[in-house]
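Subject: A structure for you to look through

Hi there,

Here is the structure I promised to pass on to you. Please open it beside this email and follow along as you read.

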Amino acid sequence: MSAMTAASHTAFLTARALRAFLRVPAYLVMNLIQPIIWLLLFGQLFKSVVTIPGFSGGANYLTFLTPGIVMMMALFGSAWAGTSYIQDMDRGVMDRFLSSPTSRGALIVATMLYQAVLTVIQTLVVLGVAWLAGARFDGGWPGVAVLLLSAVLLTFIFAAFSNAMALLARAQTALIAISQVISFPLMFLSSAIMDTGLSPAWVRQVARFNPFEWAVAAGRGALQAAPDWASVWSHLGLLAALAVVMTWLATRVFRIYQRSA
């Protein structure tokens, strides 16, 4: 199959997912409620941590917290991406795809692109709410662009992972359990909510290998007045490499599912 055909299949399948989303726009609102509550609630509960000696996140905790909330939203949203596969399996839609010349790679990438579109929309809304609540981002629009890129790459990684798990588990309850087991440890073993400089040494070490932390560090770093671009681009590079690996892995799992079906 040619690259042009695969690209067109990806575009059609992404449009299919977006049309389904537009029929239920309340889905976007429901996905935004929890991140906004966390943003406003944590922003008030922990705003005094900026006075703790050793905290290196600046003088405004809400500004520090916002990139973490953005990545939390991207992580939790993409971790459920595989549910669409399970629904297609239950409805017999997947069997029709498998009996057609549809690109298997396109079936994987389309769900990732769909989740990325939702991530971008939700991120812009969260940034707007944070700005209204008093957060200020010295990195300006270039910093916001890098934050969006970090969130999209994180979405790609975990959407691909979720797709692979859905094809292996083939059950909604199993996918939900796997997502919960993975998502919360990744979130707390990072600087999303608290500066890792104030965390135990072992947490700092684990965070170095945590892709969620890579995304938080890249997004937060780019929003600084004087970003450390070497660090930002190195984290983005790690995210991009892992996204490629996870996409390849999900495609391989798809072929395993196809043979077993």
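Buried means under 20% relative accessible area. With that cut-off in hand, you can look at helix H4 (residues 83-91), whose buried residues are Thr83, Tyr85, Ile86, Asp88 and Met89. Please keep in mind that this is a predicted model.

What do the buried residues of H4 pack against? They pack against helix H1 (3-23), H5, H6, helix H7 (140-169), helix H8 (172-188) and helix H11 (229-260). If you follow the chain just past H4, you come to Gly92, which takes a positive phi of about 85 degrees.

Now for the whole protein. You will find eleven helices and zero strands in it, so its pattern along the sequence reads α-α-α-α-α-α-α-α-α-α-α. The C-alpha atoms fill a box of roughly 60 × 40 × 35 Å along the principal axes. A compact globule of 261 residues would have a radius of gyration near 18 Å, and the 19 Å of this protein agrees with that. Buried residues account for 49% of the 261 residues.

How much of the contact network joins residues at least 24 apart? Taking contacts between residues at least 6 apart in sequence, 81% join residues at least 24 apart. On the outside, the accessible surface comes to about 12300 Å², and 69% of that belongs to carbon and sulfur atoms. The protein has 15 positive and 7 negative charges, and the mean positions of these two sets are 9 Å apart.

A word on confidence: the mean pLDDT of the protein is 89, with 99% of the residues reaching 70 or more. Among the elements, helix H10 (residues 211-222) has the highest mean pLDDT, 96, while helix H5 (residues 93-98) has the lowest, 79.

Next, a few residues to click on.

Start with Val126, in helix H6 (residues 104-133). Val126 has a relative accessible area of 0%, so this residue is buried. Leaving aside neighbours within four places in sequence, Val126 is in contact with Leu32, Leu39, Thr66, Ile69, Val70 and Met73. Leu153 comes 27 residues away from Val126 along the chain, and their C-alpha atoms are separated by 18 Å.

One of those contacts, Leu39, is worth a click too. Leu39 is found in helix H2 (residues 26-45). Is Leu39 buried or exposed? Its relative accessibility is 0%, and therefore Leu39 counts as buried. Not counting residues up to four places away in sequence, Leu39 touches Leu62, Leu65, Thr66, Ile69, Val126, Val129 and Ala130. Thr66 and Ile69 appear in the contacts of Val126 and again in those of Leu39. From Leu39 to Val206 there are 167 residues in sequence and 25 Å in space, C-alpha to C-alpha.

Helix H2 also holds Leu28. This residue has a relative accessible area of 15%, so Leu28 is buried. Beyond residues up to four places away in sequence, Leu28 touches Phe21, Ile121 and Gln122. Leu28 and Ser234 are 206 residues apart in sequence, and their C-alpha atoms are 32 Å apart.

Thr251 lies in helix H11. With a relative accessible area of 15%, Thr251 is buried. Which residues does Thr251 contact, leaving aside its neighbours within four places in sequence? They are Gly105 and Ile108.

Two loop residues complete the tour. Ser190 lies in the loop between H8 and helix H9 (201-207). Although it is in a loop, Ser190 is buried, with a relative accessible area of 4%. Ser190 touches Thr196, Ala207, Asn210, Phe212 and Glu213, not counting residues up to four places away in sequence. Ser190 and Ala217 are 27 residues apart along the chain, and 9.1 Å separates their C-alpha atoms.

Arg170 lies in the loop between H7 and H8. Its relative accessible area is 40%, so Arg170 is partly exposed. Arg170 has a phi near 60 degrees, a positive value in a residue other than glycine.

Happy exploring, and write back with any questions!

Best wishes

Methods: Residues numbered from 1 in each chain as written. Predicted model: local features only at pLDDT ≥ 70, side-chain atom pairs only at ≥ 80, totals over all residues. Heavy atoms only, no water. Helix = DSSP H or I, 4+ residues; strand = E, 2+ residues; numbered from the N terminus. Rg over C-alpha atoms; globule rule 2.2 N^0.38 Å. Buried < 20%, exposed > 50% of the residue type's maximum accessible area, 1.4 Å probe, protein only. Contact = heavy atoms within 4.5 Å. Areas by Shrake-Rupley, 256 points an atom, 1.4 Å probe, with all protein chains shown as cover. Lys, Arg positive; Asp, Glu negative; His and termini not counted. Charge placed at Lys NZ, Arg CZ, Asp CG, Glu CD. pLDDT = per-residue confidence, 0-100.
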